[in-house]
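Colleague: Please take one part of this model and go through it slowly, for someone in their first year. I would like one connected account.

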Amino acid sequence: MTNHGHPPADDAQPAHDDDENGTSPTHAEGDADAYVGPDGVAHPRRIRSFVRRAGRSSEAQKRAFDELGPKFVLPYIPETLDWPTAFGRAGAPRILEIGFGMGDGTAHIAKLRPADDFLGVEVHEPGVGALLKLIGTTPLSNVRIVQHDAVEVVEHMLPEGSLDGVHVFFPDPWHKKRHHKRRLLQPPFVALLASRLKPGGYLHCATDWQEYAEQMLEVLGGEASLENTAAGYAPRPDYRPVTKFENRGLRLGHGVWDLVFRKRG
Ligand SMILES: C[S@@+](CC[C@H](N)C(=O)[O-])C[C@H]1O[C@@H](n2cnc3c(N)ncnc32)[C@H](O)[C@@H]1O
């Protein structure tokens, strides 16, 4: 998961990446849960950007869940999040992070930017436990977590024009062409994210998979309500730490691409 998109990570990609027909139970579960709307109407099945991976939480992660979960993990409820109540303060800039993995980057940035509130959304339970552990040890008071599909969180919990920033770091690249449909950063979701940003708010994405970087540049560049802050790819903003996998990749000559777009005023 945290070794991002480089070929060795292919094994770490959701386990069924080789499942040609998508018939394994894991695939079926992650692929498209049937969805019935509040009106009782069944909607077309949604292709998801993740699969529920096996992987156990460690004892320490479970302990962090028990001790810190009640305060820092917010339930997924399909209604507008009461941000001041959730964070215990009002007026702080609101940053959403999608797919924080094990949360090292999230904790680093939240420590660096104590004046900002960070809502981290991740589906992988051991990752949630790992970030809770970091929240306890750092310690951090400006992070909250929702363990749920970020697409639904953005759709139902975050109103239009409510976010100051969005971070999407190393989203699963879904290397194989037949899986590209699972990539998170596609025009409809980027339009949805952009609608949630305040004017002047930013969307910061990073990837180490060149072909996904090119797709991101095209999709973000094609969203009329966003403008690029750079001529193409952006220099890495100082707040985004270089992960150990990224460092290793950079030593091997692999690239990493950051994209920083702003919502037009
Ligand atoms: C390749 S990992 C990157 C993790 C982390 N951002 C990093 O830089 O190390 C992508 C993460 O996104 C999560 N993810 C993918 N789709 C998601 C979704 N729709 N909602 C929430 N999390 C998602 C996965 O569970 C995984 O942990």
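Modeller: A helix here is a DSSP run of H or I with at least four residues, and helices are numbered from the N terminus. On that basis Trp83 belongs to helix α3, which covers residues 83-87. Keep in mind that this is a predicted model.

Start with the surroundings of Trp83. A residue counts as buried if 20 or more other C-beta atoms lie within 10 Å of its own. Trp83 has 20 C-beta neighbours inside 10 Å, so Trp83 is buried. Setting aside neighbours within four places in sequence, the contacts of Trp83 are Arg94 and Asp117. Ser162 is 79 residues away from Trp83 in sequence, yet their C-alpha atoms are 9.9 Å apart in space.

The contacts of Trp83 lead on to two strands. Strand β4 spans 94-98 and strand β5 spans 117-121, and both are among the elements that cover the buried residues of helix α6. Strand β6 (143-146) is also part of that cover. Helix α6 runs over residues 150-157, and its buried residues are Ala150, Val153 and Met157. Viewed down the axis of α6, these buried residues fall within an arc of 70°, so they line one face of the helix.

Ala150 also leads to the ligand. Of the 24 residues around the ligand, those that come nearest are Phe50, Gly99, Gly101, Ala150 and Phe170. Sorted by class, the shell around the ligand holds 12 nonpolar, nine polar and three charged residues.

Definitions and conventions. Residues are numbered from 1 along each chain as its sequence is written. This is a predicted model: local features need pLDDT of at least 70, side-chain atom pairs count only at pLDDT 80 or more; totals for chains, interfaces and linings use all residues. A residue is buried if 20 or more other C-beta atoms lie within 10 Å of its own, exposed if 12 or fewer, and partly exposed in between; C-beta atoms are placed from the backbone. Helices (H or I, at least four residues) and strands (E, at least two) are DSSP runs, numbered from the N terminus. The arc is that of the directions from the helix axis to the C-beta atoms. Two residues are in contact if their C-beta atoms, placed from the backbone, lie within 7 Å. A residue is near a molecule or strand if its C-beta atom, placed from the backbone, lies within 6 Å of it. Ala, Val, Leu, Ile, Met, Phe, Trp, Tyr, Cys and Pro count as nonpolar, Asp, Glu, Lys and Arg as charged, and the others, Gly among them, as polar.
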